[in-house]
Amino acid sequence: MGSENIKLPKIDFSHEDLKPGTLVWNQVKSQVHKALVEYGCFEASFDKIPLHLRKSIFESLQELFDLPLQTKLRNVSSKPFHGYIGQNPAVPLYENMGIDEANIPYKAEQFTQALWPQGNPSFCKTIQSYSKQLLELDQTVRRMIVESLGVQKYMDEHMNSTNYLLRVMKYEAPQSNETEIGLSAHTDKCIITILYQNQVNGLEIQAKNGQWINVEPTPDTFTVMIGDSLHAWANGRVHAPHHRVMMKGNKTRYSVGLFSIPKDGYKIEAPQELVDEEHPLLFKPFDYFEFIDFCYTEEGIRCESPIKAYCSVSV
Ligand SMILES: O=C(O)CCC(=O)C(=O)O
Ligand SMILES: [Fe+2]
């Protein structure tokens, strides 16, 4: 199960004319479709986030994780994985904080206020602008997926069915010369994940043949990945890859993920156009947050594929 030297596809989203219906849109769309069928993941060059913001996001992350533990614990949430997580003996290098709807100014302010009651306008502005500007990439990719699946009539419904969660992660360098687990292998549960990291690698994506691919993004690339919910909605036509973080060396890794997640109460159900004899329905319709609750039960934690265990038609 060694990491191999395969590279993820790299797709350029920086073209000025990247608008639905243009030639360049259709070209990029077919690259996106191919990459997501094959890997469920690709590197995206996206130049809409100014360099100063890409730098200040990591300064903000450092400032946040440097806060005392008691302060970080003030970020609580009733939703699993949306509050503060750390000090887990299974993944001792890992800490994580979720910021619900960080793209919306008053939500970013609420989060900031809980940690810095005296205010921290620059932190607040950084996470909010970053999320708001990166959301454009999520929406571009999703429009392309809906089009390439040939189900445009569901475009508005699909595009309006999600909110955004920003999660920030810190991985301490291992205390030894060994490679250590940063985050265990899993699939994301959301619609789409867009990851950005400081220049410390560690993310690995599992190819369909089982090989682990080292992800080696540059400062102007973002890693785009499909989650279980979109895999289910597309009735399996796009892949949701297992991935993990492996840490080596002596540098701290910071990463930030923008997750599009189904709104509360929205039922994820594959369009009937994507179900036929050759493509029987894979998953029963489900509610995202009920699925997430299942993922945190003993059975959900134990099983290889929570989405299959939760709502596979064939189980
Ligand atoms: O830190 C990373 O690059 C990956 C994080 C991740 O997989 C997750 O938060 O679901
Ligand atoms: Fe993940």
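Helix α4 has buried residues that pack against three helices and a strand: α2 (51–65), α3 (69–72), α5 (121–148) and β4 (94–100). This is a predicted model, so read everything below in that light. The residues of α4 (105–115) that do the packing are A108, F111, T112 and L115. Look down the axis of α4 and those buried residues fall within an arc of 95°, so they line one face of the helix. That fits the usual geometry: an α-helix has 3.6 residues a turn, so positions three or four apart point the same way.

Staying in this part of the chain for a moment, have a look at the loop between α3 and β4, where Q87 is found. Its phi is near 55°, a positive value in a residue other than glycine. Most residues other than glycine have a negative phi. Is Q87 buried or exposed? At 52% relative accessibility, Q87 counts as exposed, the cut-off being over 50%.

Now move along to residues 161–262, which UniProt lists, in an unreviewed entry, as "domain: Fe2OG dioxygenase". The span is 50% strand and 6% helix, and its end C-alpha atoms lie 6 Å apart.

Next comes ligand 1. Which strands help build the shell around ligand 1? β5 (162–171), β6 (180–186), β11 (243–247) and β12 (253–262) each supply at least two residues to that shell. In total 13 residues surround ligand 1, and the closest are Y171, D188, H243, R253 and S255. Some of the polar pairs are worth picking out. In the side chain of Y171, an N or O atom sits 2.7 Å from an oxygen atom of ligand 1. For H186, an N or O atom of the side chain is 3.1 Å from an oxygen atom of the ligand, and a polar side-chain atom of D188 also lies 3.1 Å from a ligand oxygen. As for cover, ligand 1 taken alone exposes 300 Å², and the protein buries 98% of that.

H186 deserves a closer look. This histidine is found in strand β6, and a polar contact of 3.0 Å joins its side chain to that of D188. Leaving aside neighbours within four places in sequence, H186 is in contact with P241, H242 and H243. Farther along the chain is S305: 119 residues separate S305 from H186 in sequence, yet their C-alpha atoms are 8.5 Å apart. With the ligand not counted as cover, H186 comes out as partly exposed, at a relative accessible area of 21%.

From H243, follow strand β11 to M246, which lies in that strand. What does M246 touch beyond its neighbours within four places in sequence? The contacts are T179, E180, I181, G182, N201, G202 and E204. With E204, M246 makes another pairing across the sequence: they are 42 residues apart along the chain, with C-alpha atoms separated by 7.4 Å. At 18% relative accessibility, M246 counts as buried, since the limit is under 20%.

One last stop is the loop between α7 (228–233) and β11, where N235 is found. Here is another backbone oddity: N235 has a positive phi of about 50° although it is not a glycine. What sets N235 apart from Q87 is the setting, because N235 counts as buried at 4% relative accessibility, whereas Q87 counts as exposed at 52%.

Terms used. Residues are numbered from 1 along each chain as its sequence is written. Chains are lettered from A and ligands numbered from 1 in the order in which they are written. This is a predicted model: local features need pLDDT of at least 70, side-chain atom pairs count only at pLDDT 80 or more; totals for chains, interfaces and linings use all residues. Side-chain values use heavy atoms; hydrogens and water are left out. UniProt positions are given in the numbering used here, feature names are shortened, and annotations may be inferred rather than shown by experiment. Helices (H or I, at least four residues) and strands (E, at least two) are DSSP runs, numbered from the N terminus. Buried means under 20% relative accessible area, exposed over 50%, partly exposed in between (1.4 Å probe, protein chains only). The arc is that of the directions from the helix axis to the C-beta atoms. Contact means heavy atoms within 4.5 Å. A residue is near a molecule or strand if one of its heavy atoms lies within 4 Å of it. A polar contact is a pair of N or O atoms within 3.5 Å; within protein, one must be able to donate a hydrogen and the other to accept it, and residues adjacent in sequence count only if both atoms are side-chain atoms. Accessible areas come from the Shrake-Rupley method with a 1.4 Å probe; for residues, only the protein chains shown count as cover.
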